[in-house]
Number of protein chains: 2
Amino acid sequence: MGFHFELLHRDSQTRGRLGRMETPHGTIQTPAFMPVGTQAAVKTLTPEEVREVGADIVLANTYHLYLRPGHELIRRLGGLHRFMHWEGPILTDSGGFQVFSQRALRKIHEEGVSFQSHIDGSRHQISPEVAIDVQEALGADIIMAFDECTPYPVTRDCARQSMELTVRWAARCRRRKTRSDQALFGIIQGGMYPQLRAECTGRLVEIGFDGYAIGGLSVGETKPMLYDMVEASEPHMPEDKPRYLMGVGKPEDLVEAVLRGVDLFDCVMPTRNARNGFLFTTHGRVVIKNAMHADGDGPIDETCGCYTCRHYSRAYLRHLFMAGEILAMRLNTIHNLFFYLNLMQEIRAAIRDNRLARYRREFYERYQAGTGGQGPNPVQSSGFPQDV
Amino acid sequence: MGFHFELLHRDSQTRGRLGRMETPHGTIQTPAFMPVGTQAAVKTLTPEEVREVGADIVLANTYHLYLRPGHELIRRLGGLHRFMHWEGPILTDSGGFQVFSQRALRKIHEEGVSFQSHIDGSRHQISPEVAIDVQEALGADIIMAFDECTPYPVTRDCARQSMELTVRWAARCRRRKTRSDQALFGIIQGGMYPQLRAECTGRLVEIGFDGYAIGGLSVGETKPMLYDMVEASEPHMPEDKPRYLMGVGKPEDLVEAVLRGVDLFDCVMPTRNARNGFLFTTHGRVVIKNAMHADGDGPIDETCGCYTCRHYSRAYLRHLFMAGEILAMRLNTIHNLFFYLNLMQEIRAAIRDNRLARYRREFYERYQAGTGGQGPNPVQSSGFPQDV
């Protein structure tokens, strides 16, 4: 069995979509959020815990696994699923974003990118062909085309050149692919230029992919720009293919992007923030190290059903965090991922009932009613546009 | 229901004992090993995982919890069990060992010890009375008398003075205690002088405690000294009270001490070694970062039934460790604690069948047959005496 996407329902008032992705390792209800397992592990958690917080699919980073422990090793050991003991669907990125993030260490050619390892300084070349070969060795259910992640800010000319290189590379990826059990998604670039985004989308659709990703965002642009770029690409994407907004984002970004027709997300925010003691709740952000939690007998969030909130007080979580206990990172990660995955579940229910616009209003009202003093209020920081 | 110890069976050929400790939070099968939860958490693990690896009881450190988050806070939040979400039995040490470990920062008087916090340099005094008050606030099932941990090496005169102070302090602890639901254990000191150990034991038994601990070991002495000190104390202990060898030790130490009549152990070795990538197996020590494990498709130990060995290859565990993933520490900790608790289970079965001496021989044969090149061979390092 290969990959199949089914569009189940459209919200009657927004562009929100309810769908289902079938993969060789199981089904993903969309809109979906993917926890990030950069080095073949969602940081601090076991696969059982990742499943328990509600994840259908995880993301792993090709760049990191290519360098360590190496894709050939993982292939010899039966592929990434077996290696990391995650039997569900996996998506691997192409490595492009990570390579391009290290500006000082890489050089771009028509052929591909040469770069130095961030681990030992060794020299490597990744071309579109190599990126596909590596991802075929890893064996994820969904693999990504190798793209040039356009920097920000950048001139329109540079953005065009970068976008055109990405399209040529995408075609090479499409040709290189051999495994029929893996889905290949193309990645839309074009900087912050709506017309380039639209053009890129159209040209990728001509090549033909199993899904379309919006890349090159979360690179420092404003919230309106982020949403504009989604809106510039979305009308040109086929209805019957999944849409993936890469590396995004905050809870309110997920709500906003789903409203604009996105089906799939990944972001390190819930896991990274957890390790730093920043917790998401329905009423805003909780900074667990704050003295106000020192004798807090209740959970992080009274309304949360996660393992952490069911069994531990804020006082205990603060104690673990202040004492530098690793268990603090685990319990915080469980809570934050549960929050994200529960948010996606609520979003899916809202689409099913044609009330996504109302859900969005209520989402912001809860945040605003919360303890805004504990962190930036997402409503104030997001610059979200008018109700759709 | 308070504390009760029942001696169930004596091995016919050694001094090994099978027993059962009843506490308000559950039953402990002895001989037992207690995982160490210094700061109200067994490092990296949840209480459910601690239970799953086979632990009946955990130890927490009074010194650490007194300083952070504070025993009064824990009392207000319902006591240590509720605070750390561990519903089973808990033993707290008295804080003595930790205070005395910081030689530069403390001063000993007849009244007690004044010291500076290792966290913020603040000044504190712990007397026998304070140690009991703090432990009553924490609310463990078993609490320990406040002792002076005699340094090593030390003259006989110093060891005698230290031992006599410990006995006077033990009597003060006995008088201070108010809670009838907690058991109080006395701690035997006397340096490496068998006669002092014997005398201390007798004097503590005169005062009368619910159990007797052998303290002041694992401080740099040789293996024969360690075993000699156990043998010096044991004949003077009442048969109907549990015996606890504090801070010991390696797997072979547990076997040797059980043979000499000990019922209870704690040690950071399985958890600390795990975090550093040193793994215990039935055939010797495994150093997971060694290149020989890079493509190891099998588990750490083919004969092990722990979660880690059931689901993960050595190659994956090595990858996680080399990549600095916290999950490496968790999976290693689960394995090492399972090894220790499984060892205790095997020891209990051997006592039940009157074959502890044979079990000991087989234990060493397995270790010797193993991959000795991976770490110190316990048979060579332990200097264990002739078969009993």
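This is a guided walk through a predicted model with chains A and B, beginning with strands and ending where the chains touch.

Let us start near the beginning of chain A, where three strands follow one another. Strand S1 (residues 4-10) of chain A runs antiparallel to strand S2 (residues 17-23) of chain A, and six bridges join them. To find your place in this pairing, look for Leu7(A), which stands opposite Gly19(A) in S2(A). The connection between S1(A) and S2(A) is a hairpin, with six residues between the strands. S2(A) also pairs with strand S3 (residues 26-30) of chain A, again antiparallel, through five bridges. Here Arg20(A) is a handy landmark, since its place opposite is taken by Gln29(A) in S3(A). The hairpin that joins S2(A) to S3(A) passes through two residues. How many residues of S2(A) are buried? Five of its seven residues are, so that strand is mostly covered. As general background, strands of a sheet pair through backbone hydrogen bonds, either parallel or antiparallel.

Further along chain A you will meet an open sheet of three strands, ordered S7-S8-S9, with antiparallel pairing. Its edges are strand S7 (106-108) and strand S9 (123-126) of chain A, each of which pairs on one side only. Ignoring direction, neighbouring strands of this sheet are turned by 15 degrees against each other on average. S7(A) and strand S8 (residues 113-116) of chain A run antiparallel and are joined by three bridges. Within that pairing, Lys107(A) has Ser114(A) in S8(A) as its bridge partner.

Now move over to chain B, where three strands in the order S7-S8-S9 likewise form an open, antiparallel sheet. The edge strands are strand S7 (106-108) and strand S9 (123-126) of chain B, which pair on one side only. From one strand to the next, the twist averages 15 degrees. This time, follow the other half of the sheet: strand S8 (residues 113-116) of chain B pairs with S9(B) in the antiparallel sense over four bridges. Ser114(B) finds its bridge partner in S9(B), namely Gln125(B).

Staying in chain B, we come to helix H8 (residues 194-207), which has 14 residues. From its first C-alpha to its last, H8(B) reaches 20 Å, close to the 20 Å expected at 1.5 Å a residue. Which residues of H8(B) are buried? They are Leu196(B), Arg197(B), Cys200(B), Thr201(B) and Leu204(B). These residues cover an arc of only 135 degrees around the axis, and therefore lie on the same side of H8(B). The pattern makes sense in general terms: an α-helix has 3.6 residues a turn, so residues three or four places apart point the same way. On the other side of H8(B), Gln195(B) and Glu206(B) are exposed.

What lies over that buried side? The elements covering the buried residues of H8(B) include helix H7 (156-176), strand S11 (183-188), strand S12 (211-214) and helix H9 (223-233) of chain B. Just after H8(B) comes Gly208(B), which takes a positive phi of about 95 degrees.

H9(B) has buried residues of its own: Leu226(B), Tyr227(B), Met229(B), Val230(B), Ala232(B) and Ser233(B). They pack against S11, H8, S12, strand S13 (243-245) and helix H10 (251-259) of chain B. H8(B) and H9(B) thus appear in each other's surroundings.

Next, turn to helix H14 (residues 326-352) of chain B. At 1.5 Å a residue, its 27 residues should span 39 Å, and the end C-alpha atoms are indeed 39 Å apart. H14(B) is mostly covered, with 21 of its 27 residues buried. After H14(B) comes Asn354(B), whose phi is positive, near 55 degrees.

Finally, let us see how the chains meet. Across the interface, 29 residues of chain A are in contact with 30 residues of chain B. On the chain A side, helix H3 (71-76), helix H4 (80-84), helix H13 (314-322) and helix H14 (326-352) each supply at least two residues. H13(A) gives the largest share, five residues. By class, the side of chain A that touches chain B is made up of 16 nonpolar, seven polar and six charged residues.

Methods
Residues are numbered from 1 along each chain as its sequence is written. Chains are lettered from A and ligands numbered from 1 in the order in which they are written. This is a predicted model: local features need pLDDT of at least 70, side-chain atom pairs count only at pLDDT 80 or more; totals for chains, interfaces and linings use all residues. Two residues are in contact if their C-beta atoms, placed from the backbone, lie within 7 Å. Ala, Val, Leu, Ile, Met, Phe, Trp, Tyr, Cys and Pro count as nonpolar, Asp, Glu, Lys and Arg as charged, and the others, Gly among them, as polar. Two strands pair if DSSP finds at least two bridges between them. Axes are lines fitted to C-alpha atoms, for helices over the stretch in contact, and angles run from 0 to 180 degrees between N-to-C directions. The expected span of a helix is 1.5 Å times one less than its number of residues. A residue is buried if 20 or more other C-beta atoms lie within 10 Å of its own, exposed if 12 or fewer, and partly exposed in between; C-beta atoms are placed from the backbone. The arc is that of the directions from the helix axis to the C-beta atoms.
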